[in-house]
Amino acid sequence: MRIHELKRRLREAGAGPLHEQRVLRLWSHALPRDSGRRRPESFFPASLLAALPSIEAELAALARIRSVHPGADGSERLLVALADGQTVESVLLPRGGLCVSSQVGCAVGCRFCMTGRDGLLRQLGSAEIVAQVALARLRRPVSKVVFMGMGEPAHNLDNVLEAIDLLGTVGNIGHKNLVFSTVGDPRAFERLHQGRVRPALALSLHTTSARLRRELLPRAPAMTPEELVAAGERYARASGYPVQYQWTLLEGVNDGEEEIEGIVRLLSGKYGVLNMIPFNAVDGAAFSRPSWERCEGMARTLHERGILTKLRYSAGQDVDGGCGQLRARAAGMQIPIRRADDWR
């Protein structure tokens, strides 16, 4: 289901703009119909009241929590079952954050990510994306939503932007607290400028080498690191939100001195922050996580050289919660093995 289809059904049932907003607000906040000062019987027209049970049942059936995996850091990784039996992952983060999925699987095939091992199975509808927020809000308050779960948001633009529009309005999420994450796609940069809700932007950089980037992200759009940073800088200046450059630290692959020099060259003077996240280990994968001391040293060096750098600990590592791992375990997927030396 898509949100514009839901709105059409509400209007056909007699909803005016205020009625529509209330239904969408209650749904996205996981609140019962009788929440609020005005009783439904005195606020909604009779035709809409008659149609609401069916619509609400359909919304409730979009997604359900299949399993919960709490982490020692306060995160909760949720395996979410969709109406057709497919599963995706959401992550409740400490301090009110939620990471949501936008696709079942992924076509980009990042070598260090479990999600893309099975390819792209299908897109999530915009209502299925918002349903993940509603499910999470049944468990705890959500004040920030990041599109960093399963899938590449730029490959599902219509649905992702429709969900962002709802979350940034009746969903009551601040625009800078909606974070659109992408490996880079010219279509995404163009469309993000056009919406009434402009999210913050996170760009998956991971390396300053165009050759290595092609190997690590084999089906990402053919943008060099320089082109990616230039596009991000334009959006940051237009939106007023700094770009969050994402860098998964892979031991012996992108944690060396050459990368430090490349980062300083690319990001000096840019309106952004570099988020370095040690690799979340996957059984049988070709990569390993650098030592925490190595990660700290790299972040410290970059900070000393003028690059705002944050070293982050990926939520849920203690429950093997790297993106796609819960789904893979549930589906019994086998993980192919490739030697780390192949990337050096």
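## How α1 packs, and a few residues to look at

Helix α1 passes α2 in a right-handed crossing. That is a handy way into this model, which is a predicted one, so let's stay with the helix pair for a moment. The axes of α1 and helix α2 (residues 17-28) are 10 Å apart, and the two helices pack at an angle of about 135°. With that angle, α1 and α2 are oblique to each other, because it falls short of the cut-off for roughly antiparallel, which is over 145 degrees.

Who does the touching here? On the α1 side you'll find L6, K7, L10 and R11, and they meet E20, V23, L24 and W27 of α2. Sorted by class, the residues in this contact of α1 with α2 are five nonpolar, no polar and three charged.

### The other partner of α1

Helix α1 (residues 3-12) also packs with helix α4 (residues 46-60): their axes come within 10 Å and cross at roughly 160°. That makes the pair roughly antiparallel, since an angle over 145 degrees counts that way. The crossing of α1 with α4 is right-handed, and so is the crossing of α1 with α2.

Which residues of α1 meet α4? They are L6, R9 and L10, and across from them in α4 sit L48, L52, S54, I55, E58 and L59. By class, this contact has six nonpolar, one polar and two charged residues. If you colour the side chains, look out for L6 and L10: both turn up in the contact with α4, and both are listed in the contact with α2 as well.

### The chain as a whole

Stepping back, the protein chain has twelve helices and twelve strands. Of its 344 residues, 53% are buried. What about contacts across the sequence? Taking contacts between residues at least 6 apart in sequence, 69% join residues at least 24 apart.

### Around β9: S204 and T208

Now for two residues around strand β9. S204 is in β9 itself, while T208 is in the loop between β9 (200-204) and α8 (210-216).

Are these two buried or exposed? T208 has 9% relative accessibility and so counts as buried. S204, at 12% relative accessibility, also counts as buried.

With sequence neighbours within four places left aside, T208 is in contact with P225, E226, W247, E259, G262, I263, R265 and L266. One of these gets a closer look: the side chain of E259 makes a polar contact with the side chain of T208, at 2.7 Å.

S204 has its own set of partners. Again leaving out neighbours within four places in sequence, S204 is in contact with S181, T182, V183, R213, L217, L228 and Q246. Two of those partners, S181 and T182, are in contact with S204 and belong to β8 (178-182).

### Two buried residues with a partner along the chain

M150 is in the loop between β7 (144-147) and α6 (157-167), and with 1% relative accessibility M150 counts as buried. How far is M150 from S102 in space? Their C-alpha atoms are 6.2 Å apart, although the two are 48 residues apart in sequence.

L78 lies in strand β2 (residues 76-82). L78 is buried too, with a relative accessible area of 1%. Its partner here is E89, eleven residues along in sequence and 5.6 Å away, C-alpha to C-alpha.

### Two loop residues with positive phi

Finally, a backbone detail. Neither A30 nor N172 is a glycine, yet A30 has a positive phi, and N172 has one as well. Here they are next to each other.

| Residue | Phi | Loop | Relative accessibility |
|---|---|---|---|
| A30 | about 60° | between α2 and α3 (40-43) | 25%, partly exposed |
| N172 | about 65° | between α6 and β8 (178-182) | 60%, exposed |

So where does that leave their surfaces? A30 counts as partly exposed, because its relative accessibility is 25%. N172 counts as exposed, because its relative accessibility is 60%.

Key:
Residues numbered from 1 in each chain as written. Predicted model: local features only at pLDDT ≥ 70, side-chain atom pairs only at ≥ 80, totals over all residues. Heavy atoms only, no water. Axes fitted to C-alpha atoms, helices over the stretch in contact; angles between N-to-C directions. Helix = DSSP H or I, 4+ residues; strand = E, 2+ residues; numbered from the N terminus. Parallel < 35°, antiparallel > 145°, perpendicular 65-115°, else oblique. Left-handed = near helix turned anticlockwise from the far one by under 90°. Contact = heavy atoms within 4.5 Å. Nonpolar A, V, L, I, M, F, W, Y, C, P; charged D, E, K, R; others polar. Buried < 20%, exposed > 50% of the residue type's maximum accessible area, 1.4 Å probe, protein only. Polar contact = N/O pair within 3.5 Å; in protein donor to acceptor, adjacent residues only side chain to side chain.
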